[in-house]
Amino acid sequence: QVQVVESGGGLVQSGGSLRLSCAASGRIFSINTQAWYRQAPGKQRELVAAITSGGSTNYADSVKGRFTISTDNAKNTVYLQMNSLKPEDTAVYYCNFIVRVTSWYTDDYWGQGTQVTVSS
């Protein structure tokens, strides 16, 4: 079993910064991809940023140049540094790990979600 725990959300003024963290623990053979998604009220969940085991990154156009995804592989932790925040970044943010649990079985695991609210 794999557990995923997020932290770091909160309330911030427009133009401010926040850093989200998400740690996976448990039965982990390796981690393929780590990502952050967000879901605003009345909207579908969308990909914010992702990073592969090789270090390749992918960002939503709306956050390019403002958000940075990074990892600490020794701690099975993924971070999302969010700068120049805008009110439209307000959402619940979820981390996602694609984990190879054994050499033949891969599954994905989600964090519990953390609220980010940006006031204007």
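The structure holds one disulfide, a term used here for a pair of cysteine sulfur atoms within 2.5 Å. The model is a predicted one, in which local features need pLDDT of at least 70 and side-chain atom pairs count only at pLDDT 80 or more, while totals for chains, interfaces and linings use all residues. Residues are numbered from 1 along each chain as its sequence is written, and side-chain values use heavy atoms, with hydrogens and water left out.

The disulfide joins cysteine 22 to cysteine 95, with an S to S distance of 1.8 Å. Cysteine 22 lies in strand S3 (residues 18-26) and cysteine 95 in strand S9, so the bond ties together parts that are 73 residues apart in sequence. Strands here are DSSP runs of E with at least two residues, helices are runs of H or I with at least four, and both are numbered from the N terminus. Both cysteine 22 and cysteine 95 are buried. Buried means under 20% relative accessible area, exposed means over 50%, and partly exposed covers the range in between, with a 1.4 Å probe and protein chains only.

Next comes the strand pairing. Strands of a sheet pair through backbone hydrogen bonds, either parallel or antiparallel. In this text two strands count as paired if DSSP finds at least two bridges between them. One open sheet has four strands in the order S1-S3-S8-S7, with antiparallel pairing. Strand S1 (2-7) and S7 stand at its edges, each with a single partner strand, so one side of each is left without a neighbour in the sheet. From one strand to the next the twist averages 15 degrees; axes for such angles are lines fitted to C-alpha atoms, for helices over the stretch in contact, and angles run from 0 to 180 degrees between N-to-C directions. S7 and strand S8 (residues 77-82) run antiparallel and are joined by six bridges, and one bridge pairs threonine 71 with valine 78 in S8.

Strand S11 has pairings in both senses. Strand S2 (residues 10-13) pairs with S11 in the parallel sense over four bridges, and leucine 11 has threonine 117 of S11 as its bridge partner. Strand S9 (residues 91-100) runs antiparallel to S11, and three bridges join them. Here valine 92 has glutamine 115 of S11 as its bridge partner.

In a regular strand the side chains alternate between the two faces of the sheet. S11 (residues 114-119) shows this pattern: Thr114, Val116 and Val118 point to one face and are buried, whereas Gln115, Thr117 and Ser119 point to the other and are not.

In soluble globular proteins, nonpolar side chains tend to be buried together. The largest nonpolar core in this model has 31 residues, and those with the most contacts inside it are Trp36, Leu80, Met82, Tyr93 and Phe97. Such a core is a set of buried Ala, Val, Leu, Ile, Met, Phe, Trp, Tyr and Cys residues joined through side-chain atoms within 4.5 Å. Two or more residues each come from S1, S3, strand S4 (30-39), strand S5 (46-52), S7, S8, S9 and S11. S9 gives the most, with five residues. Leaving aside neighbours within four places in sequence, leucine 80 is in contact with ten residues' worth of surroundings that include Leu20, Trp36, Val48, Ile69 and Tyr93, where contact means heavy atoms within 4.5 Å.Polar groups are also found away from the surface. Aspartate 89 is in the loop between S8 and S9 and is buried, with a relative accessible area of 1%. The side chain of aspartate 89 makes a polar contact of 3.0 Å with the side chain of arginine 38, and another of 2.8 Å with that of arginine 66. A polar contact is a pair of N or O atoms within 3.5 Å; within protein, one must be able to donate a hydrogen and the other to accept it, and residues adjacent in sequence count only if both atoms are side-chain atoms. Beyond four places in sequence, aspartate 89 also touches residues including Phe67, Val116 and Val118.

Arginine 66 sits in the loop between strand S6 (57-59) and strand S7 (67-72). At 11% relative accessibility, arginine 66 counts as buried.

Two loop residues have unusual backbone angles for their type. Most residues other than glycine have a negative phi, and most peptide bonds are trans. Asparagine 76, in the loop between S7 and S8, has a positive phi near 50 degrees and counts as partly exposed at 24% relative accessibility. Serine 84, in the loop between S8 and S9, has a positive phi of about 50 degrees and is partly exposed, with a relative accessible area of 42%.
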